[in-house]
Amino acid sequence: MKVLVVEDEPQLTLRLQQSLEAAGFAVDCAYDGEEGFYLGETESYDAAVLDLGLPKLDGISVLGRWRDARRTMPVLVLTARNRWSEKSAAFAAGADDYVTKPFEMEEVVTRVRALIRRAAGHSSPEIRCGPLRLDTLAGKVSLDGIPVHLTAQEFRILSYLAHHQGRVVGRGELVEHVYDRNADPDSNVLDVLVARIRRKLKLDIIHTLRGQGWRMEPPSDAG
Ligand code: CA
């Protein structure tokens, strides 16, 4: 899962980036509205955290232009003033949620996780696939109730496949949602990581479709 942070205060941006990365997300940052709009329009994000008061292009304009360009990722707005008119304008432009500054990092992480989960069509905070459970609030994976220890990269892959289980996820799509834009992964690194996840799960739920990508689905108990 990959998140875009658009915020012009460097210290706050850094704290958001660190908190979201610690929660298992790949994170790209933009420091003004023009750069933020450009990244949100051209890259694939699972969610965006967008400040409203930004240099060059204000956050509500950024959001409106993303929506005009049919970018549908959920957007959490950061608002400095506790004024309903500003929040109302943000919702009118296409915002999905907001937090008012100052806020706890934990609240931003929790809201982003919920937005991503709902955008993927899951109603419960716990996503299941057979005996596998992904606790989207805690960012933890378990099998039959026993915790599975994954690296950050393994978690991002498993989480993306679990959110989109039942459909084929292509190689390019997975790369876009697992790595930040400065990363340049080898072409076979995903195969290596998926193989490692399979070994840790000891469960046949991630299927490789040669030339297409991967699909996660519950094990069939037929027969
Ligand atoms: Ca600002």
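The paragraphs below walk through a predicted model, beginning with a bound ion and ending with some details of the backbone.

A good place to start is the calcium ion, whose protein donors are D8 and D51, each through an OD atom, and G53 through its O atom, all lying 2.1 to 2.3 Å from the ion. If you follow these residues along the sequence, their spacing can be written D-x42-D-x1-G. Two of these donors can also be described by their accessibility: D51 has a relative accessible area of 3%, and because buried means a value under 20%, D51 counts as buried. G53, in contrast, has a relative accessibility of 43% and so counts as partly exposed.

From D51 and G53 you can move along to L54, which is found in the loop between β3 and α3. This residue is buried, with a relative accessible area of 12%. The C-alpha atom of L54 is separated by 5.5 Å from that of D32, although L54 and D32 are 22 residues apart along the chain.

The next stop is the empty space inside the protein. Rolling a probe the size of a water molecule over the atoms shows where empty space is left. In this model, a search of the whole structure finds 1 cavity of 30 Å³ or more, and the volume of the largest cavity is about 130 Å³. Its lining is made up of 14 residues, and those closest to its centre are F25, R113, F155, S159 and H163. Three elements each give two or more residues to this lining, namely α5 (105-119), β7 (132-135) and α6 (152-163), and the largest share, 4 residues, comes from α6. Sorted by chemical character, the lining residues divide into 6 nonpolar, 5 polar and 3 charged. It is also worth looking at the cavity with the domains in mind, since domain 1 (2-119) and domain 2 (126-216) each supply at least three residues to the lining.

Helix α6, which contributes to that lining, also holds E154. With a relative accessibility of 1%, E154 counts as buried, and a polar atom of the E154 side chain lies 3.0 Å from the backbone nitrogen of T151.

The last part of the tour concerns the backbone itself. Most residues other than glycine have a negative phi, and most peptide bonds are trans. Against that background, which peptide bond is cis, with omega near -5°? This bond runs from K101 to P102, and P102 is found in the loop between β5 (97-100) and α5.

Two residues also deserve attention for their phi angles. K56, although not a glycine, has a positive phi of about 75°, and K56 lies in the loop between β3 (47-51) and α3 (59-68), where L54 is found as well. K56 has a relative accessible area of 61%, and because exposed means over 50%, this residue counts as exposed. R70 likewise is not a glycine and has a positive phi, here of about 65°. You can find R70 in the loop that connects α3 and β4 (75-79), and at 73% relative accessibility R70 too counts as exposed.

Technical notes. Residues numbered from 1 in each chain as written. Predicted model: local features only at pLDDT ≥ 70, side-chain atom pairs only at ≥ 80, totals over all residues. Heavy atoms only, no water. Donors = N, O, S within 2.8 Å, 3.2 Å for Na, K, Ca; no water. Buried < 20%, exposed > 50% of the residue type's maximum accessible area, 1.4 Å probe, protein only. 1 Å grid on protein atoms, 1.4 Å probe; cavity = no way out; pocket = protein on both sides within 12 Å on 5 of 7 lines; lining within 4 Å. Points joined across faces, edges and corners; volume = space filled by probe spheres on them. Nonpolar A, V, L, I, M, F, W, Y, C, P; charged D, E, K, R; others polar. Domains from an automatic or database assignment. Polar contact = N/O pair within 3.5 Å; in protein donor to acceptor, adjacent residues only side chain to side chain.
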